[in-house]
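Take a look at the model below. This report walks through a few of its parts, one at a time.

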Amino acid sequence: MFRPAATTPVRACSWGVMKRGGAPRVRENTVGSSLVICKSTESPAFVPVSSRRGPSPHLRRRQPPPLRPGRGADGQGRCRPAGPPGAMPAAVVEYSGWKEGYRCGYCASERGKVSAGMWAHSMTVQDYQDLIDRGWRRSGKYVYKPIMNQTCCPQYTIRCQALRFQTSKSHKKVLKKMLKFISKGDVSKGVSEEEPMDSHIEDVVTCDFAYKSESDVSQSELTPLSVDHSERVENEDKDTGETKEEVNAQQVESGSLQVCAHKDTTVPGEPSHSAKIVHAPPKPGKGADLSKPPCRKAKDIRKERKLQKLLQNQTCAFEGSELQAGDQVFLLQNSKSKTNQPKTIEDFVFVSLPDDAQHKLEFTRFLCNSPLEAENAPNGPECGYGSFHQQYWLDGKIIAVGVIDILPYCVSSVYLYYDPDYSFLSLGVYSALREIAFTRQLHEKAPDLCFYYMGFYIHSCPKMRYKGQYRPSDLLCPETYVWTPIEQCLPLLEHSKYCRLNQDVKAVDEGRIKELGRVRVLHKRTVMPYSVYKKRRKGPSDEASVQQYASLVGQTCSERMLLFRS
């Protein structure tokens with residue numbers, strides 16, 4: 001998923017991408033110093049992700065002719081005048097069909113990948129929101145969808161419920177490491193806790209970037225990262241020495257605690273026969289076992305025991321009178337100290353900066369080249385909807401750039417590339433946490449925007465399972481397109497790499513194509529329903545291709561987007 005990027009002066013280095021859902025091929029580039037991402041109207045100074053050559057012949061685009069003024073199509077199968085000037089333009093897509101029998105970068109199968117794709121010459125943010133909720137994903141202006149029941153490594157769309165997100169212990173370590181580095185200049189001596197990299201090419205063709213020089217960025221465009229005083233950072237790491245112990249608490253009932261030892265032979269859900277904590281190293285490449293509860297600190301478990309003991313003592317004080325369930329909860333809640341409440345992601349990200357901080361981390365945001373049309377809505381975020389570059393500046397030097405799509409219901413993370421000299425800061429994990437915090441910020445102004453999309457979750461590829469650690473998360477059912485909690489999906493995926501995640505046997509795809517004749521078509525600069533186009537078309541029928549396209553995008557998008565036909 002992560003690839004190193006460099007911004008150091010005039011040197012050859014490997015540029016690449018942290019791609020959520022597939023990564024472009026790394027290539028060698030010689031870059032200049034002081035690069036800043038800017039609006040997409042400029043031509044790119046260089047292409048850091050893929051080669052400058054055009055797309056593959058079978059993916060080569062044809063530019064559709066512009067719409068004829070005053071022409072459109074209504075829902076009754078007739079051509080009609082277009083809407084008033086200034087109306088939101090319709091998406092224009094060119095369906096490329098299935099691409100099958102090509103190499104998979106996840107399992108190294110030479111001819112195992114199968115996907116459908118289309119070029120998006122333009123697209124509204126609502127169209128793309130609806131498409132990713134049907135398993136589509138964009139790379140530049142190419143939008144693709146894995147054919148789940150045929151591809152070798154099924155890719156399930158994953159989203160994190162940003163409003164309910166809680167930082168795990170490993171996430172907190174990354175945030176604290178960044179705070180320590182900025183406030184005190186401390187550099188961790190441990191191994192960088194970076195997420196796995198996607199070292200292969202997926203359905204990506206070309207990515208468009210535009211740049212402007214560092215001198216063109218005004219200080220007012222930069223948003224500094226606030227950091228609390230170093231004492232607060234140090235206190236976060238100070239403990240009684242008990243925090244080094246980690247256990248998996250399987251049950252805490254009636255004052256009894258069952259601890260599961262981390263052994264390969266342990267059956268999930270069953271307690272071990274010994275209370276001894278075993279720190280067995282995980283198998284290489286397997287990552288965390290998401291079927292088990294997250295690890296907990298030993299001191300937290302002791303606190304629970306103490307609270308339960310306190311509850312029992314208070315219960316005995318009532319001398320025979322039974323406590324109601326509500327009373328027990330009340331006593332338990334009153335026994336907890338407010339200072340022991342878990343910290344939110346905002347507690348680490350949005351804190352004050354000390355005057356003597358060793359470093360300064362700032363952020364700025366620019367529109368980037370994308371098929372998505374930028375939109376501003378009264379009830380939307382202040383920055384508007386569309387595609388953006390998020391820049392990470394450290395002491396006036398750009399060290400990372402992330403690309404995100406801000407959509408009506410989510411922030412969709414596309415990729416991140418960064419300077420390998422700063423890999424010790426775990427910028428991949430840190431940027432994901434920053435983007436989750438950013439999603440929660442946008443929600444305050446746009447109430448419907450409350451999810452963080454991380455691309456694809458690939459259970460059959462162990463190195464891609466880390467995405468499931470951002471919880472709570474849901475996976476998209478490939479047959480009914482409904483969201484299912486990942487905890488319910490994992491047992492199914494252990495038995496079969498492809499499966500229907502929605503266990504309601506009566507459920508169907510509510511957005512399936514019902515009327516093929518209502519698909520909107522752009523033909524000879526005129527918008528018309530497919531039923532009209534079919535009668536006018538000369539030559540062999542293309543109904544099978546249009547049917548395939550409509551079934552993948554769904555009825556709603558097929559009636560809203562314009563399918564270009566030559």
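## A hairpin and its sheet

The hairpin of β25 and β26 has 2 residues between its strands, and in it K524 takes a positive phi near 55 degrees. Keep in mind that this is a predicted model.

Strand β25 covers residues 520-523. It is joined to β26 by 4 bridges, and the two strands run antiparallel. Within this pairing, L522 stands opposite V527. The bridge partner of V521 in β26 is M528.

β25 also pairs with β27. Here there are 3 bridges, and the strands run parallel. L522 stands opposite F564 of β27.

Are the faces of β25 covered or open? Both are covered. R520 and L522 are buried on one side, and V521 and H523 are buried on the other.

Now step back to the sheet. It is an open sheet of 7 strands, in the order β10-β11-β9-β8-β27-β25-β26, with mixed pairing. The edge strands are β10 (137-139) and β26 (526-529), each of which pairs on one side only. From one strand to the next, the twist averages 40 degrees.

A helix lies across this region. Helix α10 (residues 543-560) crosses β8 (92-102), β9 (113-122), β11 (142-146), β25 and β27 (562-565). It runs at about 140 degrees to β8.

## Unusual backbone angles

Most residues other than glycine have a negative phi, and most peptide bonds are trans. Two residues that depart from the phi pattern are set out here.

| Residue | Loop | Phi | Relative accessible area |
|---|---|---|---|
| A108 | between β8 and β9 | near 70 degrees | 42%, partly exposed |
| K524 | between β25 and β26 | near 55 degrees | 61%, exposed |

Why does K524 count as exposed? Its relative accessibility is 61%, and the cut-off for exposed is over 50%. A108, at 42%, is partly exposed.

There is also a cis peptide bond. It joins R471 and P472, with omega at about 0 degrees. P472 sits in the loop between β22 and β23.

## A helix with two sides

Which residues of helix α8 (residues 486-495) are buried? They are I486, C489, L490 and L493. These residues lie on the same side of α8 because they cover an arc of only 110 degrees around the axis. An α-helix has 3.6 residues a turn, so residues three or four places apart point the same way.

The other side of α8 has exposed residues, Q488 and H495. What do the buried residues of α8 pack against? They pack against β12 (156-161), β22 (451-457), β23 and β24.

## A buried cysteine

C477 lies in the loop between β23 (473-476) and β24 (483-485). Is C477 buried or exposed? It is buried, because its relative accessible area is 0% and buried means under 20%.

Leaving out residues up to four places away in sequence, C477 touches V482, R500, L501 and N502. C477 and D509 are 32 residues apart in sequence, but 9.7 Å apart in space, C-alpha to C-alpha.

## The nonpolar cores

How many residues does the largest nonpolar core have? It has 102. M118, M123, Y470, L475, Y549 and M561 have the most contacts inside it. Helix α7 (residues 427-445) gives the most to this core, with 9 residues.

M561 shows what such contacts look like. Leaving aside neighbours within four places in sequence, M561 is in contact with A91, V93, M118, M123, D127, L131, R520, Y549 and V553. Another core, of 8 residues, lies apart from the largest one. Its members include W393, I398, V401 and V403.

## How far to trust the model

The protein chain averages a pLDDT of 73, and 60% of the residues score at least 70. Over residues 22-62 the pLDDT is below 50. Beyond near neighbours in sequence, that stretch has 143 contacts in the model. Over residues 226-279 the pLDDT also stays under 50. The model has 101 contacts beyond four places in sequence for residues 226-279. Where pLDDT is low, the predicted coordinates should not be read in detail.

Notes. Residues are numbered from 1 along each chain as its sequence is written. This is a predicted model: local features need pLDDT of at least 70, side-chain atom pairs count only at pLDDT 80 or more; totals for chains, interfaces and linings use all residues. Side-chain values use heavy atoms; hydrogens and water are left out. Buried means under 20% relative accessible area, exposed over 50%, partly exposed in between (1.4 Å probe, protein chains only). Contact means heavy atoms within 4.5 Å. A nonpolar core is a set of buried Ala, Val, Leu, Ile, Met, Phe, Trp, Tyr and Cys residues joined through side-chain atoms within 4.5 Å. pLDDT is the predictor's confidence in each residue, from 0 to 100. Two strands pair if DSSP finds at least two bridges between them. Axes are lines fitted to C-alpha atoms, for helices over the stretch in contact, and angles run from 0 to 180 degrees between N-to-C directions. The arc is that of the directions from the helix axis to the C-beta atoms.
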